[in-house]
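Here is a friendly tour of one protein model, from its packed interior to a few of its strands. Have the structure open and follow along.

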Amino acid sequence: MQTNELQGVLKGQKIAYFSMEIGLNSQIPTYAGGLGTLAGDAIRSSADLKLPLVAVTLISKYNYFKQKLDSTGRQTEQPNVWNPEKLLTLLPNEVNIQIEGRTVKVHAWLYVCQSITGGAVPVLFLDTDFDTNNQADREISFYLYGGDERYRLKQEAVLGFGGVRMLDSLGFQIRKYHMNEGHSSFLAVELMHKHNQDAEKVKELCIFTTHTPVEAGHDRFNYELIQDTLPTIDLALLKKYGGQERLNMTRLALNLSNYINGVAKRHQEISSKMFTGYEIHAITNGVHSYTWTGEQYRKLYDKYLPGWAIEPELLAKVDLIPDGEIWQAHQQQKQTLIDFTNQTSNTHLDPEVFTLGFARRATEYKRATLLFTNLDRLRTINKTNKFQAIFAGKAHPRDEGGKHIIEQIYNYTQQLKIDLNIAYIENYDMDIAAKMIGGVDVWLNTPLRPMEASGTSGMKAAHNGVMNFSVLDGWWIEGWIENLTGWAIGPHPKETIDDSACFTKEIEDLYNKLEYIILPTFYNQRDEWIQLMKNSIGKIAYYFNSHRMMRRYVTDAYL
């Protein structure tokens with residue numbers, strides 16, 4: 001990047017958006033899942049809307065990992081090293097942080113996310129992999145969510161302290177600091193030092209978005225570890241704002257931010273109960289419409305709804321598109337998915353057969369195996385109306401429960417192979433996600449409620465005319481209209497019901513709605529099915545997009 005180009009993205013006051021992971025594309029694999037892809041969508045929409053944003057993250061040179069699955073579904077992890085030199089520009093600036101008594105030098109790579117509107121968002125990828133650092137320090141920026149607790153603490157120090165210092169070094173004028181989850185909470189500590197311990201001033205500068213509706217999901221560190229790893233840090237300040245017994249990174253962010261939000265209305269309710277005494281708002285997540293709309297649907301929208309990519313609310317006029325063209329676009333995207341799946345997974349899926357899709361992080365609360373609760377019932381359903389399913393998702397390297405789930409799906413696949421086809425695509429990434437959400441007929445989501453903070457994959461599916469079939473949790477409570485935008489699995493959250501009765505209701509809905517409503521409509525009532533597809537686009541995609549989300553952040557948090 002030339003000096004004048006760099007100066008161009010530095011101009012004016014900025015909102016600094018900090019996120020441990022950011023998913024811009026599969027060629028820059030610095031993301032693991034929903035948090036990162038959401039951050040990428042926020043950046044893309046900010047560029048489209050010409051918002052004055054600058055993003056800060058880690059370089060994660062070894063990616064999350066490359067997933068390999070053996071014939072039994074056992075996951076192994078392989079390094080997936082990528083070279084930032086081909087896609088990013090290394091900036092000359094260098095900042096220092098103290099780790100374990102050593103001075104660790106931090107550099108930044110620059111990527112500019114540019115929009116057809118002329119908007120641009122600079123993204124800074126922090127990196128410690130330089131000759132001036134020792135080997136342990138060079139590796140801090142290697143592995144996203146890798147290593148032990150000490151490694152995680154070092155990464156969060158580089159992100160929070162190093163990120164603020166890098167922005168200062170580059171000359172950015174920061175109006176607000178937005179912490180996307182608690183990993184970057186050390187930035188508030190750095191701001192306390194910059195502003196002479198004026199907590200009220202720091203609170204005015206800070207915005208915090210929490211994504212985790214379960215207490216165990218929030219980062220905590222022992223003070224002995226902190227003192228050993230970050231010996232120059234102000235422990236008294238940490239204990240005052242982050243907890244006396246252990247440092248809770250979420251509490252640190254909560255106590256040093258004036259604006260706090262959850263990522264769906266239901267998540268705001270759960271978070272307010274978890275963190276009593278804080279005013280927590282709700283800004284429901286959205287997805288970047290153009291990124292997650294498949295090629296065939298992009299062509300349709302360009303033809304009938306010009307300007308939709310910049311104004312996704314135009315998707316509400318989807319009825320202007322002829323039914324036949326909606327169906328043809330879907331069939332073309334479905335064929336692309338089926339061909340890809342058959343080639344990569346050694347399966348024999350049929351593009352004429354109804355196809356369920358399920359893809360997300362493989363962890364126990366997502367309940368990827370709920371569909372297989374009763375194999376005999378699945379066989380019975382399939383005898384009347386054929387269906388098939390495609391699964392994908394990575395388990396965290398240390399999540400043995402998540403790995404076991406993948407193995408279970410492989411096992412069920414073998415048990416059912418005479419009756420119906422089930423495929424599992426390995427090494428799930430943004431490119432595979434785009435194929436899946438654009439090519440299946442129905443998107444399945446079965447989390448253990450209330451553990452789904454928001455979820456965004458179903459929003460992406462809706463942009464492609466794909467219906468949602470989901471447990472009422474996260475965003476789906478807001479998007480769901482039964483038999484109009486999709487179908488609910490299980491009771492409404494407002495119903496008082498014990499866990500056993502809830503599970504029974506979920507299984508009944510899953511099988512009964514699939515057998516008696518979804519499959520017969522798909523095969524026998526094509527006009528009605530296409531209207532449901534249009535409802536997904538016109539009643540969900542028009543609203544659940546990141547343009548609306550970022551406008552809400554501007555009016556509620558940034559101004």
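A nonpolar core here is a set of buried Ala, Val, Leu, Ile, Met, Phe, Trp, Tyr and Cys residues joined through side-chain atoms within 4.5 Å. Keep in mind that this is a predicted model.

With that in hand, look inside. The largest nonpolar core has 70 residues, and those touching the most other members are L124, L167, Y177, F186 and L238. Helix α4 (residues 149-170) is the top contributor to this core, giving nine residues. Apart from this core lies another one, of 57 residues, with L305, W308, V318 and L375 among them.

L124 is a good place to pause. Leaving out residues up to four places away in sequence, L124 touches V54, A55, V56, T57, L91, W109, L110, M166, L167, L170 and F172.

Now for the strands. Strand β7 (residues 102-114) pairs with strand β5 (residues 89-90), with strand β6 (residues 95-99) and with strand β8 (residues 120-127). The pairings compare like this:

| Partner of β7 | Sense | Bridges | A facing pair |
|---|---|---|---|
| β5 | antiparallel | two bridges | L90 and W109 |
| β6 | antiparallel | five bridges | N96 and K105 |
| β8 | antiparallel | eight bridges | V123 and Y111 |

Which residue in the turn between β6 and β7 has a positive phi? E100 does, at about 55 degrees, in a hairpin with two residues between the strands. The hairpin of β7 and β8 has five residues between its strands, and there G118 takes a positive phi near 100 degrees.

Notes: Residues numbered from 1 in each chain as written. Predicted model: local features only at pLDDT ≥ 70, side-chain atom pairs only at ≥ 80, totals over all residues. Heavy atoms only, no water. Pairing = 2+ DSSP bridges. Helix = DSSP H or I, 4+ residues; strand = E, 2+ residues; numbered from the N terminus. Buried < 20%, exposed > 50% of the residue type's maximum accessible area, 1.4 Å probe, protein only. Contact = heavy atoms within 4.5 Å.
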